[in-house]
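Grab a pencil and your favourite viewer. Here are a few exercises, each with a worked solution.

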Amino acid sequence: MAEVIGADALCEAVSGWAKAEGERDAVRKVFRFDDFKSAFAFMTKVALKAEQMDHHPEWFNVYNTVDVTLSTHDAGGVTGLDKEMAQFMNEAAG
């Protein structure tokens, strides 16, 4: 099982992420793109990485916006897997 690093540590290490609202240990970022096609291309890149890592984001998409929450459910909080995914998402978003 992945070691919990916590939302604060991830937010300090990876640009643009913030602690998610609520009581659980999670981080959140909203990505905005020029159009739906760009948002969907981003989600496709992330989906392939998520399958490779066996670590899947919670996300919500409306047109050009992708609202993402990361937390490792079986570890009970934010782990290095979430940090890796957050860094990948930032790079994939350009």
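What follows is a short set of tasks on salt bridges and a surface patch.

This is a predicted model, where local features need pLDDT of at least 70 and side-chain atom pairs count only at pLDDT 80 or more, while totals for chains, interfaces and linings use all residues. Residues are numbered from 1 along each chain as its sequence is written, and side-chain values use heavy atoms, with hydrogens and water left out.

**Exercise 1.** Find which parts of the chain the salt bridge between Asp-8 and Lys-19 links.

Solution. Start with the rule: a salt bridge here is a side-chain nitrogen of Lys or Arg within 4 Å of a carboxyl oxygen of Asp or Glu. The structure holds 4 of these. For Asp-8 and Lys-19, the N to O distance is 3.7 Å. Next, place the partners: Asp-8 is in helix H1 (residues 7-13) and Lys-19 is in strand E1 (residues 18-19), so the pair links distant parts of the chain, 11 residues apart. Helices (H or I, at least four residues) and strands (E, at least two) are DSSP runs, numbered from the N terminus. Last, check the exposure: buried means under 20% relative accessible area, exposed over 50%, and partly exposed in between (1.4 Å probe, protein chains only). Asp-8 is partly exposed because its value is 46%, whereas Lys-19, at 52%, counts as exposed.

**Exercise 2.** Work out how far apart the closest N and O atoms of Glu-58 and Arg-24 are, then place both residues.

Solution. Those atoms sit 2.9 Å apart, in a salt bridge. Glu-58 belongs to strand E3, while Arg-24 is in the loop between E1 and strand E2 (27-32), 34 residues apart. Both are partly exposed, Glu-58 at 30% and Arg-24 at 40%.

**Exercise 3.** Lys-49: buried or exposed?

Solution. First, its partner: Lys-49 forms a salt bridge with Glu-84, at 3.4 Å between the closest N and O atoms. Glu-84 lies in helix H3 (residues 80-93) and Lys-49 in helix H2, so the pair ties together parts 35 residues apart in sequence. Now the areas: Glu-84 is partly exposed at 36%, but Lys-49 has just 16% and therefore counts as buried.

**Exercise 4.** Say which residues form the nonpolar patch on the surface.

Solution. Patches take residues with over 30% relative accessible area and no salt bridge, joining like charges within 9 Å and nonpolar side chains (Val, Leu, Ile, Met, Phe, Trp, Tyr) within 5 Å. That gives Phe-36, Phe-40, Phe-60, Val-62 and Tyr-63, with about 550 Å² of accessible area together (Shrake-Rupley method, 1.4 Å probe; for residues, only the protein chains shown count as cover). Helix H2 (36-53) and strand E3 (58-62) each supply at least two of the patch residues. Phe-40, in helix H2, is partly exposed at 46%.
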